[in-house]
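Before this model goes further, I would like to set out some points on its overall build and on a few individual positions. Please read them with the coordinates open.

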Amino acid sequence: MEIPQKEPVHTHNLVSWKERISYAVSDFACNLSFQMIGTYLMFFYTDVFGITAAAVGTLFLVARIVDAIDGPVWGLLIDHTHTRWGKSRPFFLWFAIPFAIFCVLCFTTPNLSMGGKVVWAYITYIGVDVLYSAVNIPITSILPSLTNDTDERVTLSTIRQFFGTAGATIVTVAALPMVNFFGGGNQQKGFFISVLILAIISAILLLITFANTRERIQTKSSRKAIPVKQSLKALKKNWPWAIIIFINFIYWLGMQTKSQVTVYFFKYNMHNAGLASLVLGLQIVALLAVVITPAVAKKIGKRNTMLMGMFLAIVGQLILSVGASQLNVAIIIVATLVGYLGTGFVSGLIAVMLADSVDYGEWKNSVRAEGIVTSFSSFSAKLGMGIGGAVTGMILSAGGYVANATQTATALRAIEQNYIWVPIIGFGLSAIALLFYKVDGVEDKMQADLAAKHQKENEEE
């Protein structure tokens, strides 16, 4: 008697457009809230809540130490989760609302002493950081379970990144006008109401992701909890994973230093804070790169597409240095457009290449551990962002930055260093690391071997 096959070898067209969009809005939701934190929280702490730049920088660094624990822990929890909804999907249901609540608490300003304010910032920021991992890591860990078709993964990641970039763009453009509108001159009130609205929308969208996605690619090992020791074997000699994790760390370190000081740069260096929203809004050009990423990656490969993006990002920063030295808005806009075009190619492929590293770990080590492999994506990104935040705080403090005052030439140079030169270092090191990424050349054989392995396992059950 013929034994029915539980898992198809090919998964073309299994992911409907309804599910694609439902998956993508998860990143829209995360960016809608967390972009507000990444771009404006340091400014909020120093210029609205009244905490020193040095104290904020230390906070961001301490939070990253916590992330050294919570990121992998969430990954292990995913690998140990076995529910009727799957492994990654239930985390959207369980943590969407707690994440939204802590986003609001971060921008709440209780009447406390300076020491009390610092303690409040530590509790709320570390809390939102931990909960962000709870809803963000599953976005990446669920991708290998949605489909094993490489082109479909690129499509899913592209749509996800399109929505994620759209969410980030909306926040960066609308945040300050929303603060002014709802605050009526009171920035504390304006930030609170604005973030409350964004957090509610984020929670609803994450619940939509839970409701409409399905984990259809389940191997023999993924249908049961994986012991910690065994799941860690998926990382053994998994060089593609190590390279992408390093890139994710150093890339976001550079991106964070730039985004955090954008408001500072236009407020103090350019003497026009209103330009910050305009320039940040140019992030919409990244959508063009995101849209054409699947076609470009299919033509020249994922590694080369990301490498091209890093090159464009570096060129954009070099042009930006010219615009900053001349205080020329037109040059700054051109530089920003080039830079965002480059980062659009990069951000759309990181999740795909991490999903490939899940396959690579199983191919080399016979262990499929989506949770632990992809959890380091959130950990490395937040570690980079945290160290970037610490670097920003230290450079501003060393430069003598004083909130809401006329800045010295040294302080203005400190802002410029964060805005231009630290990101170049991050993009350059990422490009060098990419030269050692070799998965594209073995991907066809890897997928064929895994398909045969999965089919054999299913027939034996």
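The points below begin with the chain as a whole and then turn to single helices and residues.

1. To begin with the status of the coordinates, this is a predicted model, and every value quoted here should be read as computed from that prediction. The secondary structure consists of 16 helices and 0 strands, so the remarks on individual positions are placed by reference to helices and the loops between them.

2. On overall dimensions, the chain has a radius of gyration of 22 Å, which agrees with the value near 23 Å that a compact globule of 461 residues would have. The C-alpha trace, for its part, spans about 80 × 45 × 35 Å along its principal axes, and both descriptions deserve a place in any account of the overall shape.

3. As for burial and surface, 59% of the 461 residues count as buried, while the area that the chain exposes comes to about 17500 Å², with carbon and sulfur atoms supplying 68% of it. Among contacts with a separation of 6 or more, 85% are made by residues 24 or more positions apart.

4. The charges can be summarised briefly: the chain carries 34 positive and 26 negative charges, and the mean positions of these two sets lie 4 Å apart.

5. Helix α14, which runs through residues 370-398, has 29 residues and reaches 42 Å from its first C-alpha to its last, close to the 42 Å expected at 1.5 Å a residue. This helix is mostly covered, with 23 of its 29 residues buried. Just after α14 comes G400, which takes a positive phi of about 85°.

6. Is K258, a lysine within helix α9 (residues 239-269), buried or exposed? With a relative accessibility of 16%, K258 counts as buried, because the cut-off for that class is under 20%. Leaving aside neighbours within four places in sequence, K258 is in contact with Q317, L320, N418, Y419 and P423. K258 also lies 12 Å from G393, C-alpha to C-alpha, although 135 residues separate the two in sequence; G393 falls within the residue range of α14, 370-398.

7. Two residues other than glycine with positive phi deserve inspection, and both are found in loops that adjoin α9. K237, in the loop between α8 (228-232) and α9, has a phi of about 50°, and with a relative accessible area of 59% this lysine is exposed. H271 is placed in the loop between α9 and α10 (275-281), where its phi is near 60°, and H271 is likewise exposed, with a relative accessible area of 65%. I would ask that the backbone at K237 and at H271 be looked at together with that of G400, the glycine noted above for its positive phi.

8. The last position is C106, which is found in helix α3 (residues 90-106) and counts as buried at 1% relative accessibility. Not counting residues up to four places away in sequence, C106 touches L41, F44, Y45, T124, Y125 and V128. The C-alpha atoms of C106 and I123 are 8.8 Å apart in space, with the two positions 17 residues apart in sequence numbering.

Terms used:
Residues are numbered from 1 along each chain as its sequence is written. This is a predicted model: local features need pLDDT of at least 70, side-chain atom pairs count only at pLDDT 80 or more; totals for chains, interfaces and linings use all residues. Side-chain values use heavy atoms; hydrogens and water are left out. Helices (H or I, at least four residues) and strands (E, at least two) are DSSP runs, numbered from the N terminus. The radius of gyration is taken over C-alpha atoms; the globule rule is 2.2 Å times the number of residues to the power 0.38. Buried means under 20% relative accessible area, exposed over 50%, partly exposed in between (1.4 Å probe, protein chains only). Contact means heavy atoms within 4.5 Å. Accessible areas come from the Shrake-Rupley method with a 1.4 Å probe; for residues, only the protein chains shown count as cover. Lys and Arg count as positive and Asp and Glu as negative; His and the chain ends are not counted. The place of a charge is taken as NZ of Lys, CZ of Arg, CG of Asp or CD of Glu. The expected span of a helix is 1.5 Å times one less than its number of residues.
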